[in-house]
Amino acid sequence: MLVPLSWLRDFAPVEAETSALVDAFNELGLVVDGVTEIGAIDESVVVARVLATREHPGADKVQLVDVDAGDAQLQIVCGAFNFQAGDLVPLARVGTTLPNGATIDRRKVRGEWSDGMLCSAAELALSGDHNGIFVLAVDAEPGVPLRKALAMEPDVVFDLDVTPNRPDALSVAGVARDLAAKLGIPFSLPEGPPLPVGESRASVAVKSKDLCPRFTGIVLDGVTVGPSPAWLARRLTLAGMRPINNVVDVSNYVMLELGQPNHPYDLARLPGEGLLVRKGKKGETVTTLDDVERPVGPEDCLICDAEGAPVGIGGVMGGASSEISATTTSVLLETAYFDPMSIARTARRLGLRTEASARFERGTDHGGIERAAGRFIDLLGQVAGARPEGGLVDIRGKLPKPARPTLRTKRVNEVLGTALTADDVRRYLEPIGFECAPARGGWRVTIPSWRPDSALEIDVIEEVARHYGYSNIPRTVPLSPNVGRLTPYQRDRRHVREVLAGAGLSEAWTTAFLGAPDLEKAGLARDAVGVANPLDQAEPLLRTSLLPGMLRALATNARHQNAGVRLFEVGRVFRPPAGGDTLPVEREVVAVALAAADATAAVRVWKVLSDALRLERVSIDAAERAGLHPTRAALLTADGVELGEIGEVDPDVVSTHELDGRVAWFCVDLERLLGAPRRPTVFRPISRFPASDIDLAFVVDDSAAADAVEDRLREAGGDLLVDVRLFDVFRGPQLGDGKRSLAYRLRFNALDHTLTDEEVGEVRRRCIEAVESALPATLRG
């Protein structure tokens, strides 16, 4: 926001040096992005009236402009086209030195002489506006020095970066209040005339008080539309706004000065001579002041004439049908408070961010509407001869109540690391309008209506810090008895990730939001937790399993010719609340999906993980699981507690995801996994002697668990058995129906000698007997 120093001085006697003011603004959080020193404009820059414009005979990107410079008619070659005959523009005559140091000479451009230069506001260092020539909206004769026509004196303009949490700083008065409190100087707002009371000839009605909790209107008669006086045009120019006419300029001036957007309507162009505030209708459109037809809907607040036809989008932009023109004599002034969120949504949906919407969506001062209306009436009376006719119509709905948090002095010092007294705190707050009443341990603070960003104790503490000065707060290192570290659960979870990555898997991330078709494609029930406000209407459910997302990830890789992907994911799943509970059941799980792999591959990865975690009493028991192969799925348990599932994905599910081959899968509850019993860490010496490997294949029933065979082998192998690995599963007619062959490789090793054939033979015999006696199993020849 551009804030001229001369304007600040209307509210407070600011006499500090520019550098000191920059430091003060920065300490207040109003960061200064730039400072422009406005010097006196050269006397040879004069007001000129455009007489005619002509095409340049030798160029199409410039034109010839005939101007009346007061004492002569001159020809100017100009590259801008934003003006017409009759407009007043600034002319830098030959010999003029501009603020940037350039000197204007008489020169020939493509064969045509140019006796000077028409200037933009940026070339005169009045603003950063380079878009065309600065068209003057002042009442001045040609030849009058621009400095005199605009009442221009040296000034300083601060370019402030106003953050979204400071709506009050989007006004000169708000900035001046903050600065005066910081500098310890008095601050005062100009008092306007009292608002008239009584009936109004204009009707005002509000049908949507939720969108517009407060709306006021008053009629002003005797208006004479014309150029603004020099001082008003200059103020607006320095603040970055182009003067238009006295009525519109007063409206903009009040908005910049007090932060209250307002809108003047030409009463004669309002059918029914009144305003109606309502919600938009589906398919309705409004033509705004920029002559663009914009679609609106039921979520938008519309300002309509008394007959219900839209004449503006509330809080965003007025309509073209009732704008101020040269023939306007009666004005209906609207000053209102709109719901911030509704304005934000409307402006964002329309892609139309205006000075008004920027203020309304942050929150304006609903308690300062009378002051803003009074200021408008006072100024328009001065510059356009306006006078009120009838009283102010004021319609109110449910307005925000002032927050009154308790501010504890002890808490202020704890947060800031200061040693302030209660009186110190009050001294920082009262100059910015925060009323302090005694309360236990501190103050009961009443937040002013122009500060909707503050509501809690911590917000008020921030105000104390700003005005005490962040640079005055000593730097300290917080002391804590606890050194930051991962919890055991977090360490183990990280270890799980490292183990799976070390096993050659890539970590995936899939979305927690799904649609009902995603669950059906994965063979899962549709009983899932719904989201009230989903990001995507096609995905309104929270996932009950990682399976749908992992299958989609495999399918995406397959479509990009990246087959055989091996993925794992650690994520949360959600299930509907248990009986009597309100919140859904939320669990963290780890899942593995292996493309083009069978259940044996899933078991191998599971063995790697369980061995790395040193799990005890782990078993794999055949069972049917949703989404998995009906005969190649099992439950994972540890010490009788169910951990999860393992096996292959159902072939029908695989085909619906357009995947080829099998997909191996296991998924376990991470909390249960990490809480399962573990073997103590035991370090064993490594044998210096060679090992002996043997292979044993057993024919067992399909219902027999491979884990049961392995358990018997480990028991019989004793200390000499150092490794058991299932390396083949075979089914065939020669084995019989319901039978399969499980082939294991056993490795034997002694610490103190090389095993003899007799020793290996003896332990082999024990292993065979142990399996055949414990299970319906026979050694396959």
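**Close-up views of a pocket and a cavity**

**View 1. Residues around the second largest pocket of the predicted model.** A total of 42 residues line the second largest pocket, and those nearest its centre are Met241, Ile244, Val248, Asn252 and Leu289. The volume of this pocket is about 970 Å³. Sorted by class, its lining comprises 21 nonpolar, 15 polar and 6 charged residues.

**View 2. Elements and domains that supply the lining of the second largest pocket.** At least two lining residues come from each of the helices α6 (246–258) and α8 (355–360). The strands β13 (262–266), β18 (310–313), β19 (317–318) and β20 (331–337) likewise each supply at least two residues. In terms of domains, domain 2 (45–149) and domain 3 (203–396) each contribute at least three residues to the lining of this pocket.

**View 3. The largest cavity and its lining.** Searching the whole structure for cavities of 30 Å³ or more yields 1 cavity. The largest cavity has a volume of about 50 Å³. Its lining consists of Asp168, Gly174, Arg177, Asp178, Ile432, Trp450, Arg451 and Arg466. By class, 5 of these residues are charged, 2 are nonpolar and 1 is polar.

**View 4. Placement of the largest cavity between two domains.** Helix α4 (residues 172–183) provides the largest share of the lining of the largest cavity, namely 3 residues. Because domain 1 (2–39 + 155–183) and domain 4 (406–472) both give residues to this lining, the largest cavity lies between these two domains.

How values were computed
Residues numbered from 1 in each chain as written. Predicted model: local features only at pLDDT ≥ 70, side-chain atom pairs only at ≥ 80, totals over all residues. Heavy atoms only, no water. 1 Å grid on protein atoms, 1.4 Å probe; cavity = no way out; pocket = protein on both sides within 12 Å on 5 of 7 lines; lining within 4 Å. Points joined across faces, edges and corners; volume = space filled by probe spheres on them. Helix = DSSP H or I, 4+ residues; strand = E, 2+ residues; numbered from the N terminus. Nonpolar A, V, L, I, M, F, W, Y, C, P; charged D, E, K, R; others polar. Domains from an automatic or database assignment.
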